[in-house]
Amino acid sequence: MNQDQAEGKFQQLKGKLKETWGRLSDDDLALYEGQQDKFFGKVQEKYGVMREEAEKRIREMQKAA
């Protein structure tokens with residue numbers, strides 16, 4: 001997979017994240033790329049889901065993309 005394909009997959013994932021967790025801002029979503037601990041903290045803060053649950057849901061989204 002080249003860089004363009006990887007970027008395309010990530011953009012698809014960001015779209016799915018926005019659909020699922022619409023309260024997350026673009027800045028929050030940008031954390032997923034470089035600072036996943038902070039990203040999952042934002043998910044916990046805004047939705048009250050455990051980190052493990054958020055990670056599981058995101059892994060499922062990545063598989064579907």
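Biologist: Which helices do the buried residues of helix 2 pack against?
Modeller: This is a predicted model. Within it, the buried residues of helix 2 have three helices as packing partners: helix 1 (3-20), helix 3 and helix 4 (51-64).

Biologist: Which residues of helix 2 are buried, and where on the helix do they lie?
Modeller: The buried residues are Asp28, Leu29, Leu31 and Tyr32. Seen down the axis of helix 2, they fall within an arc of 140°, so they line one face of the helix.

Biologist: What is exposed on the other side of helix 2?
Modeller: Buried residues of helix 2 include Leu29 and Leu31. The other side of the helix carries exposed residues. These are Asp26, Asp27, Glu33 and Gly34.

Biologist: Is aspartate 28 buried or exposed?
Modeller: Aspartate 28 sits in helix 2. The cut-off for buried is under 20% relative accessible area. Aspartate 28 has 5% relative accessibility, so the residue counts as buried.

Biologist: Which residues is aspartate 28 in contact with, leaving aside neighbours within four places in sequence?
Modeller: Phe39, Lys42 and Lys46, which are among the helix 3 residues that touch helix 2, are on the list for aspartate 28. Arg23 is on that list too. The full set is Arg23, Phe39, Lys42 and Lys46.

Biologist: At what angle do helix 2 and helix 3 pack?
Modeller: Helix 2 spans residues 26-34 and helix 3 spans residues 36-47. Their axes are 6 Å apart. Their crossing is left-handed. The packing angle is about 145°.

Biologist: How many charged residues are in the contact of helix 2 with helix 3?
Modeller: Helix 2 contributes Asp28, Leu29, Leu31, Tyr32 and Gly34. Helix 3 contributes Gln36, Lys38, Phe39, Phe40, Lys42 and Lys46. By class, five residues are nonpolar and two are polar. The charged residues number four.

Biologist: How far does helix 3 reach from its first C-alpha to its last?
Modeller: Helix 3 has twelve residues. At 1.5 Å a residue, 16 Å is expected. The model comes close to that, with a reach of 16 Å.

Biologist: Which residues of helix 3 are buried, and what arc do they cover?
Modeller: The buried residues are Phe39, Phe40 and Val43. They pack against helix 1, helix 2 and helix 4. The face turned away from them carries exposed Asp37, Lys38 and Glu45. The buried residues lie on the same side of helix 3 because they cover an arc of only 95°.

Biologist: Which residue just after helix 3 takes a positive phi?
Modeller: Helix 3 ends at residue 47 of its 36-47 run. Just after the helix comes a residue with a phi of about 70°. That residue is glycine 48.

Definitions and conventions:
Residues numbered from 1 in each chain as written. Predicted model: local features only at pLDDT ≥ 70, side-chain atom pairs only at ≥ 80, totals over all residues. Heavy atoms only, no water. Axes fitted to C-alpha atoms, helices over the stretch in contact; angles between N-to-C directions. Helix = DSSP H or I, 4+ residues; strand = E, 2+ residues; numbered from the N terminus. Left-handed = near helix turned anticlockwise from the far one by under 90°. Contact = heavy atoms within 4.5 Å. Nonpolar A, V, L, I, M, F, W, Y, C, P; charged D, E, K, R; others polar. Buried < 20%, exposed > 50% of the residue type's maximum accessible area, 1.4 Å probe, protein only. Arc of directions from axis to C-beta. Expected span 1.5 Å × (residues − 1).
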